[in-house]
Amino acid sequence: MALMIDGQAHYVGRTIQVMYKAEHEEALVMEEDGTTKLIRVLHGPAPTEDATPEVLKILADHHKAKAQKYHDRAEESFQRCDTDGFLSQWALEHNAELERLIAGLAENAFRTIFPGLYEGDRRVKAKEIQTKFGTCWLLHEDEKALIAKRGKPFLPTGNGSRILKGLGLEERDETAPAYAKHGKHRPYIFRTGDQWGGDAVLCEEA
């Protein structure tokens, strides 16, 4: 069987089942003897929804082990008191934090809780964006009625907002596909699916 990696075909011995698509973080395969193993580490969003609990556990354990290795290396650097120790420790601990976040996501089938914008039980087609004034909601062009009422597609965040209340909107917790990556200051979790919330599930329904 061939795995497409970076646009190239790689043939893998006696592999009979690909557990993850090649563009996803890990390529896990099941061999003919029934064993499942990691054959290549890739970079990208979360794995496909058909991953079994056993495979997710393998993936979580893999990232936990990587986190521990980064942490141990940071400790060794601290003990040596290297001249560049501070930067080395900072980078290693950030890598460890990223691996811990990914491990935690794997334990939850790569879904986590995000705020969603709702009109009653209807998920409003909107996404959170960062502006120079901070975080706000951006309404999709399909939300013509709300945009007309508001006069623009931008809405403040937070259920304390009088603007949201006036429009009959509220933020509610939902679960959605997620992954983690390095940010400007530290690793963070982000949505990997529909940025407008189309694949989100209300926590009361999850």
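This report walks through the helix, the cores and the strand pairings of the structure above. Please keep in mind that the model is predicted.

**The first helix**

Let's start with α1. This helix has 28 residues, and at 1.5 Å a residue they should span 40 Å; the C-alpha atoms at its ends lie 41 Å apart, so the two values agree. Several of its residues are buried: V55, L56, L59, A60, H63, A67, A74 and S77.

**Two nonpolar cores**

Where do those helix residues meet the rest of the chain? Part of the picture comes from A106, which is in contact with L56, L59 and A60, leaving aside its neighbours within four places in sequence. A106 is also one of the residues that touch the most other members of the largest nonpolar core, together with I102, L105, F110 and A180. That core has 14 residues in total. At least two of its residues come from each of α1 (53-80), α2 (85-107) and β11 (170-181). There is also a second, separate core, made of ten residues, with L117, V124, L155 and L169 among them.

**How the strands pair**

As a general reminder, the strands of a sheet pair through backbone hydrogen bonds, in either a parallel or an antiparallel way. The table lists three pairings in this model.

| Strand pair | Sense | Bridges | An example of facing residues |
|---|---|---|---|
| β6 (111-119) and β11 | antiparallel | eight bridges | P115 and D173 |
| β6 and β7 (122-123) | antiparallel | two bridges | E119 and R122 |
| β8 and β9 (134-139) | antiparallel | six bridges | Q130 and T135 |

Strand β6 appears twice here, since its partners include β11 and β7. With β7, strand β6 forms a hairpin that has two residues between the strands. In that turn, G120 has a positive phi of about 70°.

**The open sheet**

Which strands make up the open sheet, and in what order? Three strands form it, arranged as β8-β9-β10, with antiparallel pairing. The edges are β8 (126-131) and β10 (154-156), each of which pairs on one side only. From one strand to the next, the twist averages 40°.

If you would like a place to begin in the viewer, try A106 and its contacts L56, L59 and A60. From there, move on to the β6 and β7 hairpin with G120 in its turn, and finish at the open sheet of β8, β9 and β10.

Note on methods: Residues are numbered from 1 along each chain as its sequence is written. This is a predicted model: local features need pLDDT of at least 70, side-chain atom pairs count only at pLDDT 80 or more; totals for chains, interfaces and linings use all residues. Side-chain values use heavy atoms; hydrogens and water are left out. A nonpolar core is a set of buried Ala, Val, Leu, Ile, Met, Phe, Trp, Tyr and Cys residues joined through side-chain atoms within 4.5 Å. Buried means under 20% relative accessible area, exposed over 50%, partly exposed in between (1.4 Å probe, protein chains only). Helices (H or I, at least four residues) and strands (E, at least two) are DSSP runs, numbered from the N terminus. Contact means heavy atoms within 4.5 Å. Two strands pair if DSSP finds at least two bridges between them. Axes are lines fitted to C-alpha atoms, for helices over the stretch in contact, and angles run from 0 to 180 degrees between N-to-C directions. The expected span of a helix is 1.5 Å times one less than its number of residues.
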